[in-house]
Amino acid sequence: MFVAATGIAAVWLRNLLASAMVLGIYSLLMASLWVVLDAVDVAFTEAAVGAGITTVLMLLAIALTGRHEKRRRARPWLPLATSLGTAGLLIYATLGMPAFGDANAPAQLHVAPYYLAHGQAETGVPNVVTAVLAAYRGFDTLGEVTVIFTAGIGVLVLLGGAKRRQRKETEPAAGDSA
Amino acid sequence: MSDFLVLRVIAKLLIPFILLFGFYVQMHGDYGPGGGFQAGVIVAAAFVLYAIVFDVKTARRVAPMAALVSLACLGVLLYAGVGVANLIYGGRFLEYGALAHDPAHGNHIGILIIEIGVGIAVAAVMMIIFFSFARRR
Amino acid sequence: MDILNHINYWAAIALAAIGLYAVVARANLIKKLIGLSLFQTAVFLLFITVGKITGGTAPILDAAYEVYSNPLPHVLILTAIVVSVSTLAVGLALAIAIKRDYGTVEEDEIHAEDSAAGPDKA
């Protein structure tokens, strides 16, 4: 857990190219953390997505927008106070939460035992995560896939439409209509 | 794009295995960690690796944008279509018990088809995103 | 002992605070997006650690094990990670579009250009 924390510390210090790289390392550390926390499916996804695709996208975007963050006049006190204040309030709130790894916490008692007890009999799939993902919460996952689809279309419109407009602007009497 | 011989050879060696691993993850999602989301990303990663090491143009010819968009649509529609098929067979939306005589068996079939739909959609969308970023260079 | 009981929440909160700081304090849009994804991983961490049971194992059923961690947060976060990368891509695409139209991704320079160009530009 502390490994991940050190990863972050590095993230927000350097210039953009370095921070994209450190974000990839951070993601890989998170993946190993998920394995420690028994979430193998999540670890798999994080390793593939976070350390792979995200880093590539970040690097491509940085190549397009410039790799150096301009130095601002340093006045970080208000944001620092805001985030520390939020953190303090949240920490105060955790004092009422169940302890880490507690088998009798409210989160473990509601539907999860049902999935674990009946999942294989009802779906024939030993990996409960897959069973819940596709069968019990299938409607939810349909929504997620639709969100991903929409995001893809959104990127296509944002970046593909740009090309068309650029072509229009090279023509002599092009207006700047959006 | 890259002139490094080692990179090109290793990438050429790796890409078939990455694709194969992607399909394995897709089909083995019922029994071990994995599933449509992971498989889609891994397959997309193979194409991304190819595009980075060799040439974005060549990669785009293998996977043209129009085909990717229709694949993404196909994935989402496959998912929703399984739900509708359940309605037709007399079940509820996305409740796969009606797909076979035995509800458990029907569930298994439904999960498999849905994971394939997810995999296709995720892979296509990831490649759409990557190629639209890479095109702007 | 009592302190260590809540260490998982505190780790998530620390990540969230760092992400929030990056979003609020940095003017660079890419840096803001990095902060945003840090905040996202903080939420992931919170969910997964809530599902962890001491002595449990990964929720893939096998006769050899009795105690499994809660599969439900795994499902939620698994999809959330993939969704997060696609939303991040939309954010980056917006940043690129802004760079194209304004020539910069620094927030205050964008504001300066906006007020200089007048209302019809935006």
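1. Does C:T87 count as buried or exposed? In this predicted model, C:T87 counts as buried because 20 C-beta neighbours lie inside 10 Å, and a residue is called buried if 20 or more other C-beta atoms lie within 10 Å of its own. C:T87 is found in helix α3 of chain C, and its C-alpha atom is separated by 9.8 Å from that of C:S37, a residue 50 positions away along the chain.

2. On confidence, the model as a whole scores ipTM 0.80 and pTM 0.79. Chain C has an average pLDDT of 78, with 86% of the residues scoring at least 70. Among the elements of chain C, the helix that holds C:T87, α3 (residues 71-102), has the highest mean pLDDT, at 85, whereas helix α4 (residues 107-117) of chain C has the lowest, at 77.

3. Turning to chain A, the secondary structure comes to eight helices and zero strands, so that a reader following the chain from the N terminus meets the order α-α-α-α-α-α-α-α. Of the 178 residues of chain A, 40% count as buried, and of the contacts in chain A with a separation of 6 or more, 37% are between residues 24 or more positions apart.

4. The contact between chains A and C takes 71 residues from chain A and 66 residues from chain C. On the side of chain A that touches chain C, the elements that give two or more residues are α1 (2-11), α2 (16-36), α3 (40-65), α4 (77-94), α5 (106-109), α6 (112-123), α7 (128-136) and α8 (138-170) of chain A. Of these, α3(A) gives the most, with 13 residues. By class, this side of chain A divides into 47 nonpolar, 16 polar and eight charged residues.

5. Within that contact, the pairing of α3(A) with α3(C) deserves its own point. The axes of α3(A) and α3(C) come within 10 Å and cross at roughly 0°, which means that α3(A) is roughly parallel to α3(C). The residues of this helix pair divide into 16 nonpolar, four polar and three charged. From α3(A) the participants include A:V42, A:V49, A:I53, A:L57 and A:L64, and from α3(C) they include C:I77, C:I81, C:V85, C:L88 and C:L92. Charged or polar participants are also listed, among them A:D41, A:E46 and A:T45 in α3(A) and C:K99 in α3(C).

6. The contact between chains B and C takes seven residues from chain B and seven residues from chain C. The elements that give two or more residues to the side of chain B that touches chain C are α2 (36-53) and α5 (103-135) of chain B, and α5(B) gives the most, with three residues. This side of chain B has five nonpolar residues, one polar residue and one charged residue.

7. Finally, helix α4 (residues 65-88) of chain B has 24 residues and reaches 33 Å from its first C-alpha to its last, which is close to the 34 Å expected at 1.5 Å a residue. The buried residues in α4(B) are B:L68, B:A72, B:G75, B:V76, B:Y79, B:V82 and B:N86. As background to such a list, an α-helix has 3.6 residues a turn, so residues three or four places apart point the same way. After α4(B) comes B:G90, whose phi is positive, near 95°.

Note on methods:
Residues are numbered from 1 along each chain as its sequence is written. Chains are lettered from A and ligands numbered from 1 in the order in which they are written. This is a predicted model: local features need pLDDT of at least 70, side-chain atom pairs count only at pLDDT 80 or more; totals for chains, interfaces and linings use all residues. Two residues are in contact if their C-beta atoms, placed from the backbone, lie within 7 Å. Helices (H or I, at least four residues) and strands (E, at least two) are DSSP runs, numbered from the N terminus. pLDDT is the predictor's confidence in each residue, from 0 to 100. The expected span of a helix is 1.5 Å times one less than its number of residues. A residue is buried if 20 or more other C-beta atoms lie within 10 Å of its own, exposed if 12 or fewer, and partly exposed in between; C-beta atoms are placed from the backbone. Axes are lines fitted to C-alpha atoms, for helices over the stretch in contact, and angles run from 0 to 180 degrees between N-to-C directions. Angles under 35 degrees count as roughly parallel, over 145 as roughly antiparallel, 65 to 115 as roughly perpendicular and the rest as oblique.
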